[in-house]
Amino acid sequence: MSDHDAHKEGSVHIVSYGQLVAVWVSLLLLTVTTVAVTRVDLGAGKVWAALAIACVKSGLVIAFFMHMKYEARLFRIIFFVALVTLAVFIGLTFFDVLYR
Amino acid sequence: MSHLLPRDDVGAKLGMWLFLFTELLLFGGLFILYAVYLARYPHEFSAGGHELNVVMGTTNTVVLLTSSLLAAMAVTAIKTGKPKSTVALLLGTIGCAGIFLVIKYFEWSAKFAHGIYPGSPRLVHGPPGESVFFSLYFLTTGLHGIHVVVGGALLTWIGTKVGKGSLTAENNVMLENGTLYWHLVDLVWIFIFPLYYLIL
């Protein structure tokens, strides 16, 4: 419907209600999965499973609800820089804590 | 619409994302603290985690995911020229924020009733790991709760602007940025929920 103004600067990409609802259903299914997985005794495995599912859920929210998929590449680059910064903090903290 | 002032929507969104990255590092720091102390006090964290109410945590997860859906739909609505739907969807998001806070109120009240609050005699005289766990729990969920309040107020303000017609299909970056903030609130909860309620 609004493809005619797609040439304008900025994200005029419009995500349809249907797509958004599909993402929401996926998020709810992932929530059910994460609750179910952590009720089973998997030891340390459930920590990693829960974190992996949380990362997938975040990816869905960022890509579709926050339109990251449709933004300019610059947005994804700075997002990557922020994630690497956080990863460096986590890495250096544990390098300190574990080998003290 | 008049073009008296030059507008840079991409720049506005870029600025919003830069701000969201500082929020990411703020909560990231709290999650690092959580991980370090989980490694130091695994038993106390496990005992503390089992005191949290999984049903309330799961309900709040569903409430926040739904609020995020409605916020994202509000952006679609304004871009397709439906200001009335936009306002209705924003009201839905704000309603979910209210439900979230009410559930949080009952959760915290239950903790207080069991003598679990920062500086409570039970935590002061208990093992150090227990008070570290609940301090981090109150700090993280409290800071997140403040973000819920701020996000709700922000979307209320933006909703009135949509209602008055000062935000339109051609000029909606303020709504987009407001919903970006709201999605961040959802993102943080996506990690708080498994870390505090599920894995311990």
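Reader: Within chain B, what share of the contacts with a separation of 6 or more comes from residues 24 or more positions apart?

Author: In this predicted model, residues 24 or more positions apart account for 78% of the chain B contacts with a separation of 6 or more.

Reader: How many helices and how many strands does chain B contain?

Author: Chain B has seven helices and zero strands. Its pattern along the sequence reads α-α-α-α-α-α-α. Taken along the principal axes, the C-alpha atoms of chain B fill a box of roughly 65 × 30 × 25 Å. Of the 200 residues in chain B, 40% are buried.

Reader: At what angle do helices α3 and α4 of chain B pack?

Author: In general, the angle between the axes and the distance between the axes describe two packed helices. Here, helix α3 (residues 54-79) of chain B packs against helix α4 (residues 83-113) of chain B at about 165 degrees, and their axes are 8 Å apart. Because angles over 145 degrees count as roughly antiparallel, α3(B) is roughly antiparallel to α4(B). The crossing of α3(B) past α4(B) is left-handed. The contact between these helices comprises 17 nonpolar, eight polar and two charged residues.

Reader: How many residues of chain A are in contact with chain B?

Author: The size of an interface is often given as the accessible area lost when the parts come together. For this structure, one may instead count residues: 38 of chain A are in contact with 31 of chain B. On the chain A side, α1 (17-39), α2 (45-65) and α3 (73-98) each supply at least two residues. Helix α1(A) gives the most, with 10 residues. By class, the side of chain A that touches chain B has 26 nonpolar, nine polar and three charged residues.

Terms used: Residues are numbered from 1 along each chain as its sequence is written. Chains are lettered from A and ligands numbered from 1 in the order in which they are written. This is a predicted model: local features need pLDDT of at least 70, side-chain atom pairs count only at pLDDT 80 or more; totals for chains, interfaces and linings use all residues. Helices (H or I, at least four residues) and strands (E, at least two) are DSSP runs, numbered from the N terminus. A residue is buried if 20 or more other C-beta atoms lie within 10 Å of its own, exposed if 12 or fewer, and partly exposed in between; C-beta atoms are placed from the backbone. Two residues are in contact if their C-beta atoms, placed from the backbone, lie within 7 Å. Ala, Val, Leu, Ile, Met, Phe, Trp, Tyr, Cys and Pro count as nonpolar, Asp, Glu, Lys and Arg as charged, and the others, Gly among them, as polar. Axes are lines fitted to C-alpha atoms, for helices over the stretch in contact, and angles run from 0 to 180 degrees between N-to-C directions. Angles under 35 degrees count as roughly parallel, over 145 as roughly antiparallel, 65 to 115 as roughly perpendicular and the rest as oblique. A crossing is left-handed if the near helix is turned anticlockwise from the far one by less than a right angle, and right-handed if clockwise.
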